[in-house]
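Q: I'm new to reading protein models, and I'd like to learn how to go through one feature by feature. Could you walk me through it?

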Amino acid sequence: MLKAVILIGGPQKGTRFRPLSFEVPKPLFPVAGVPMIQHHIEACAQVPGMQEILLIGFYQPDESLTRFLEAAQQEFNLPIRYLQEFAPLGTGGGLYHFRDQILAGSPEAFFVLNADVCSDFPLSAMLNAHRCQPHPFLLLGTTANRTQSLNYGCIVENPQTHEVLHYVEKPSTFVSDIINCGIYLFSPEALKPLRDVFQRNQHDRQLEDSAGLWPGAGTIQLEQDVFSALAGQGQIYVYLTDGIWSQIKSAGSALYASRLYLGRYQFTHPERLAKHSPGGPRIRGNVYIHPSAKVAPSAVLGPNVSIGEGVTVGEGVRLRESIVLHGATLQEHTCVLHSIVGWGSTVGRWARVEGTPNDPNPNDPRAHMDSESLFKDGKLLPAITILGCRVRIPAEVLILNSIVLPHKELSRSFTNQIIL
């Protein structure tokens, strides 16, 4: 018996994902046509012996999250439950707090997946490796070049046994080209070190404050409190993958993840990819079009485009490397490149909405990483263009490398600005 836990964070996180996270919880933002965490759930559901999927986070269980969970349970025929933290507990605190729920039924092991990663999720391969050589912690790792490795958790392994000998989260100098993917397989014994961290935090706080228990004792960071502390003690191992992987920290990285997932659909979900047909729009590369969208036959779409529910795409529209969210309208002869068009937004005739590609590839030394600042010398750095919810762009206007907050109606062109 197996279980899976998806760590979805909470509203105090994801500030780099604004303004898109104003409308839906970040884990439900559509990437390649489906909610971000649906990719995780699909991968978990395919693992033989999977009995339950738990979501842990600090989001209030609103209507959109409840509706998604109900639909996912029906689609995948698995119990999928949301466990809400009483406070933000870090990447490990929720696991310890809900340990009884996780261990109910005595699972052989349980997967732990961060919601803000894109991957092909080689979970079955990780499970096989774990069964051949059982240990409390198995981490999924991939490679990065020396420059980009500093933006991630770095792993030093024994190349013969794959034991993690040293772990450093975002080091200041080069440590290793193996980085942590944020996807794990834990044995039930893995919760014992989390208990030790909780008890130590509680004890340390009581020494400072004799008034009683400290709620912050429940905050545990897997990376610093567990992986760094236990590395080299024969408890943590790494499974290396050469499959697709990226973080989804910002809107720009969501576009990059959409490209990776759309490419993978050729092998996993070919039915989700649009195909060129007589009388239909011209399709270039990998494109997702929701069945309810209306796309004019003279439109040119792709590569790497995702069109959501109820979208209207007019005659002569050119759409490339972009996500168009549900209910948006692109009027005749608009051009949208490297952009995200928000829910219910309208782009007028002959308008142009364009951004600069932002591809956080860990093996590209020139890639723009999400940890970098949005601003330099008081100006917004070139990045993808984001139109928030219900933005109206009039005809023949140029929006370049800008972020437009929700419910704005523009009257002129903007470049490298945040429009408040």
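A: Happy to. Let's begin with a residue whose surface we can judge: Glu-108 has a relative accessibility of 31%, so Glu-108 counts as partly exposed. Keep in mind that this is a predicted model.

Q: Okay. What does Glu-108 form a salt bridge with?

A: Here's the general idea: side chains of opposite charge can pair when their charged atoms come close. In this model Glu-108 pairs with Arg-131, and their closest N and O atoms are 2.8 Å apart. Glu-108 sits in the loop between H4 and S6, while Arg-131 belongs to helix H5 (residues 123-132), so this pair ties together parts that are 23 residues apart in sequence. Arg-131 is partly exposed, at a relative accessible area of 44%.

Q: Which residue forms a salt bridge with Lys-249?

A: That's Asp-116, with the closest N and O atoms 2.7 Å apart. Lys-249 is in the loop between strand S13 (245-247) and helix H8 (251-268), and Asp-116 is in the loop between S6 and strand S7 (117-119), so the two tie together parts that are 133 residues apart in sequence.

Q: Are those two buried or exposed?

A: Check each one against the 20% cut-off, because buried means under 20% relative accessible area. Lys-249 comes out at 21% and counts as partly exposed. Asp-116 has 19%, so Asp-116 is buried.

Q: Where do Glu-63 and Arg-67 lie, and how far apart are they in the helix?

A: They're both in helix H2, four residues apart, which means about one helical turn separates them. Their side chains meet in a salt bridge, 3.1 Å from N to O. Glu-63 is exposed, with a relative accessible area of 61%. Arg-67 is partly exposed, at 46%.

Q: How many salt bridges does the count come to?

A: The count comes to 10 salt bridges. There's also a network of salt bridges that links Lys-3, Glu-52 and Arg-81.

Q: Let's move on to helices. How do I describe two that pack together?

A: Two packed helices are described by the angle between their axes and the distance between the axes. Try helix H1 (residues 36-45) and helix H2 (residues 63-76): they pack at an angle of about 30 degrees, and their axes are 11 Å apart. That makes H1 roughly parallel to H2, because angles under 35 degrees count as roughly parallel. Their crossing is right-handed.

Q: Which residues of H1 and H2 meet?

A: From H1 you have Ile-37, Gln-38, Ile-41, Glu-42 and Ala-45, and they meet Phe-68, Glu-75 and Phe-76 in H2. Sorted by class, this contact has five nonpolar, one polar and two charged residues.

Q: How many residues of H1 are buried?

A: Nine of its 10 residues are, so to speak, tucked under the 20% cut-off, and H1 is mostly covered. The buried ones are Met-36, Ile-37, Gln-38, His-39, His-40, Ile-41, Glu-42, Ala-43 and Cys-44.

Q: What about the backbone? I'd like to know what counts as unusual there.

A: Most residues other than glycine have a negative phi, and most peptide bonds are trans. Ser-106 is not a glycine, yet its phi is positive, about 55 degrees. You'll find Ser-106 in the loop between helix H4 (99-103) and strand S6 (109-114), and it is exposed at 62% relative accessibility.

His-407 isn't a glycine either, and its phi is positive at about 65 degrees. His-407 lies in the loop between strand S32 (403-404) and strand S33 (414-415). With a relative accessible area of 54%, His-407 is exposed.

Q: Which residues does a cis peptide bond join?

A: Look at Gly-302 and Pro-303, where omega is about 0 degrees. Pro-303 is in the loop between strand S17 (300-301) and strand S18 (305-307).

Q: One last spot: which residues does Gly-310 touch?

A: Leaving out residues up to four places away in sequence, Gly-310 touches Ser-292, Ala-293, Gly-327 and Ala-328. Gly-310 is in the loop between S18 and strand S19 (312-313), and at 37% relative accessibility it is partly exposed. You can also compare sequence with space: Gly-310 and Pro-281 are 29 residues apart in sequence and 16 Å apart in space, C-alpha to C-alpha.

Definitions and conventions. Residues numbered from 1 in each chain as written. Predicted model: local features only at pLDDT ≥ 70, side-chain atom pairs only at ≥ 80, totals over all residues. Heavy atoms only, no water. Buried < 20%, exposed > 50% of the residue type's maximum accessible area, 1.4 Å probe, protein only. Axes fitted to C-alpha atoms, helices over the stretch in contact; angles between N-to-C directions. Parallel < 35°, antiparallel > 145°, perpendicular 65-115°, else oblique. Left-handed = near helix turned anticlockwise from the far one by under 90°. Contact = heavy atoms within 4.5 Å. Nonpolar A, V, L, I, M, F, W, Y, C, P; charged D, E, K, R; others polar. Salt bridge = Lys/Arg side-chain N within 4 Å of Asp/Glu carboxyl O.
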